[in-house]
Amino acid sequence: MRLADLARFRQAAYRLFGTTLLYPAEERLTSLVAVARELEQQSQSLVEFAFFSQWTRFLALLVQREESGTADLEQAYLDLFLVHQKVPLYESGFLTPDNPALTMAALDGVYGAAGLAVATSFKEPPDHASVELEFMSFLCGKEAEAWTKQSLKDGVKRLEAEAGFLGRHLYLWFPVLAEQVARHAGDGFYTVVTRAAHDFIGHDQALIDALLMQYHQEASRSV
Amino acid sequence: MAVFLCQELETRGFGLDLEAIREWFRGRVPELGMRIEQGPCCTSRWSLDKALSDGTGLVLGLCSHAYSVPEFEAQARKVGLDPFGVEVVNLGAYCAQVHERSQATAKAKILLEAALASVGASPESRPDNIKPVLSWDQTLSRRALFTLPPVRYEPVAFIRKGDCAFNEGCRVCATTCPWQALEPSEDFMALDKTRCTGCGACVSACPQQAIDLPGVSPQQINAQIATLLNGASLPIRPRAIMFVCARSAPTLQGLADQGFSYPASWLPVEVPCLGVVTPTWLLQCLNLGAVATGVLPCLRDDCRFGQREVTKGRVAYCREFLSGLGASPDAVRLLDPGDEQALARALGSLPEPREESRAGRTRDVALFAPRATAQALLGLAEQFAPSLDFALTHPYSPVGMVAVKEGCTACEACVRACPTDALQMDRGHEDVALTYEPGICIGCESCVPVCPERVVHVEKVTDLAQIARGRRTLHRDTEARCESCGAPVAPGAMLKRIAGMLGPEDAGTLSFITRYCNSCRGSLT
């Protein structure tokens, strides 16, 4: 598999996970189902990856939602993340619960350094799971561009940025989020979503580390 | 769960009676799915279909290990199976090719049953306990740098935070890891996956059994060994356990291919690396009825453990211990994978089975320290030694012996550092006592550097009499009580120590400190 293709797939996957963790409004769910159906058709080539089982389970679950409406999902979302707030969907909820501004400021800095800012029309804070997942999607998109241009230096730089963001932010707290969702939601929709996302992100971090290790070894050999 | 058997096993070597195996399992586990067809070892057209498994686990009994692992793993994922939840047993090399048909069939039943027990106890593989390994070519072309090479997965250690004693100060796994893959972070033990080789040394060292490694997690190994020693009442007696480094498994295949034979009593247990096999494992197997235990290491330069001398040392300890008891040291063997003839000879004979064998009597099998160690040591002493008057000082002793010299102030620093609770502080009304249970001391020396008085010492000694004696007092002191509220102030030696530090010019302060507890001092000033 070409690294550019893999990065594009990862870009789509991060975006899909991020959007699935936003409020499940009907219009949003309709487009999620459409994307899931398309990705489902392309997923057989991913069978060599350890996240395959959870990934396909997640896509199948989304596709099944087409006919079932959003009422139960909205109820589950409200119960878990909004009204009863059993599980915070924010990094600060896990890492700096007494000082959320600290995490948010740090993330604003990270996004700013990449030339991005959270749109004022967007209602969620910068440490919301969806925003962090979307940011990873953005980084993967940039990585795909680098590989397409055959720029090894730029590709490695992008991988390093992804590894840094996962290690300092997203993967520091997402496993705990997935664990808490599983505890509160049994085998419900959001358990499947967060479990699949956890498996995917964890795998991504390890894969990026393995790639970087190889590139650094290669660089030191050529020096 | 399901079992798949390659049909070529029927004719391979002396052959296995596959129908007899099917019938036997049908009687024991009626719900078990079983299929007998050509396996991936014999045909490239083999495919894993959903009907074979309900997703809870699968055991493959194959003619050999000659099949594509990544291809098999991909097939497993396709049908929703966790590839690390599948056990592959090389029934060709371990049974059909080396034992006559009835013995080989009986042994195959035991091995399959043990594999099922292991699969049943297997923790699910997660992104946290596996790592992708990229199979790059040695010489990379520029084009290759833009392509993802084939990915395979290797198991790595995973610490269950809820069971880990990191916050109580335990660092045993970090000090055991030969690759510095485990490093204390702010509030947990962090694993650097890129450094972890999956040798399993931390798994068996962890006194809390808080570390999983797909394939050798504590529940899996306990279940597997219990079944091998106590499972099916089959005519394989006596039984001996051979821990085989997975990378050395081809040696046994080579032995079989060359027509060497050895007693069917040897039951192989494949582990990712012998770094996980401790003296406690080796001795506990003997204690629970095995007539011998052996370890078959790898000879590769890239040994996952990288410390073959430790494996040798562990075996040497076991042999010396057995000698000391008056038992045959030959019951624990370090096997040589480099010389097939010598290996066949080493496997060819077994010690005489004991009359009072425990085989089949003990259901509750535990191989992991600390509790299993004392159980194994005392159990073997009961079987072999005329008395418990035996002590062995050895660098690979699985137990230690703590001594406290004069000068202890009962500050409890050692108690807080002890990961197994071998050291405890008992507080009575009048006095305090530092107590110690040698049988659960793993000799980790965590208590030594934390002692501010430098009076704690640990020796790597297996002292049976002390272990049998159980908990005892190492140090006793009076406890001063608050004149105001009666609460404990401090042990007498601690107050003396403070007096020594303050000197006579601070007699007033000292008197105040000695007479009142912390909270009363606050309210009185």
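**View 1. Gly80(B), just past the end of helix α2(B), has a positive phi.** The phi of Gly80(B) comes to about 80°. This is a predicted model, where local features need pLDDT (the predictor's confidence in each residue, from 0 to 100) of at least 70, side-chain atom pairs count only at pLDDT 80 or more, and totals for chains, interfaces and linings use all residues. Residues are numbered from 1 along each chain as its sequence is written, while chains are lettered from A and ligands numbered from 1 in the order in which they are written. Helices (H or I, at least four residues) and strands (E, at least two) are DSSP runs, counted from the N terminus.

**View 2. Helix α2(B) keeps its buried residues on the same side.** The helix spans residues 69-78 of chain B, and its buried residues are Glu73(B), Ala76(B) and Arg77(B). Buried here means that 20 or more other C-beta atoms, placed from the backbone, lie within 10 Å of a residue's own; 12 or fewer makes it exposed, and anything in between partly exposed. Why do they end up on the same side of α2(B)? Because they cover an arc of only 100° around the axis, going by the directions from the helix axis to the C-beta atoms. The cover over these residues includes α3 of chain A, along with β4 and β6 (151-155) of chain B.

**View 3. Chains A and B meet, with 25 residues from chain A and 23 residues from chain B in the contact.** Two residues count as touching if their C-beta atoms, placed from the backbone, lie within 7 Å. On the chain A side, α1 (3-20), α3 (52-64) and α9 (189-222) each give two or more residues. Helix α9(A) puts in the largest share, 12 residues. Sorted by class, that side of chain A has 14 nonpolar, 6 polar and 5 charged residues. Nonpolar covers Ala, Val, Leu, Ile, Met, Phe, Trp, Tyr, Cys and Pro; Asp, Glu, Lys and Arg are charged, and the others, Gly among them, are polar.

**View 4. Confidence along chain A is lowest, on average, in α9(A) among its elements.** That helix has a mean pLDDT of 90, while α7(A), residues 129-148, has the highest, 97. For chain A as a whole the mean is 92, and 99% of its residues reach 70 or more.

**View 5. An open sheet of 4 parallel strands in chain B runs in the order β2-β1-β3-β4.** Strands are said to pair if DSSP finds at least two bridges between them. Which strands sit at the edges? They are β2 (33-37) and β4 (86-90) of chain B, and each pairs on one side only. Neighbouring strands are turned by 15° against each other on average, direction ignored; the axes are lines fitted to C-alpha atoms, and angles run from 0 to 180 degrees between N-to-C directions. Strand β1(B), residues 2-6, pairs with β2(B) in the parallel sense over 5 bridges. Look for Val3(B), whose bridge partner in β2(B) is Met34(B).

**View 6. Another open sheet of 4 parallel strands in chain B has the order β12-β11-β13-β14.** Here β12 (266-271) and β14 (332-334) stand at the edges with a single partner strand each, so one side of each has no neighbour in the sheet. The average turn between neighbouring strands is 20°, direction ignored. Parallel strands β11(B) and β12(B) are joined by 6 bridges, and Phe243(B) has Val269(B) as its bridge partner in β12(B).

**View 7. Three loops of chain B hold some unusual backbone.** Most residues other than glycine have a negative phi, and most peptide bonds are trans. Gln209(B), not a glycine, has a positive phi near 50°; find Gln209(B) in the loop between α6 (201-205) and β10 (211-212). Is Gln209(B) buried or partly exposed? It counts as partly exposed, because 19 C-beta neighbours lie inside 10 Å. Ala410(B) also has a positive phi, about 55°, and lies in the loop between β16 (401-404) and α13 (413-417). Ala410(B) is buried, with 24 other C-beta atoms within 10 Å. Finally, a cis peptide bond with omega of about -5° joins Arg237(B) and Pro238(B). Pro238(B) belongs to the loop between α7 (218-230) and β11 (240-245) of chain B.
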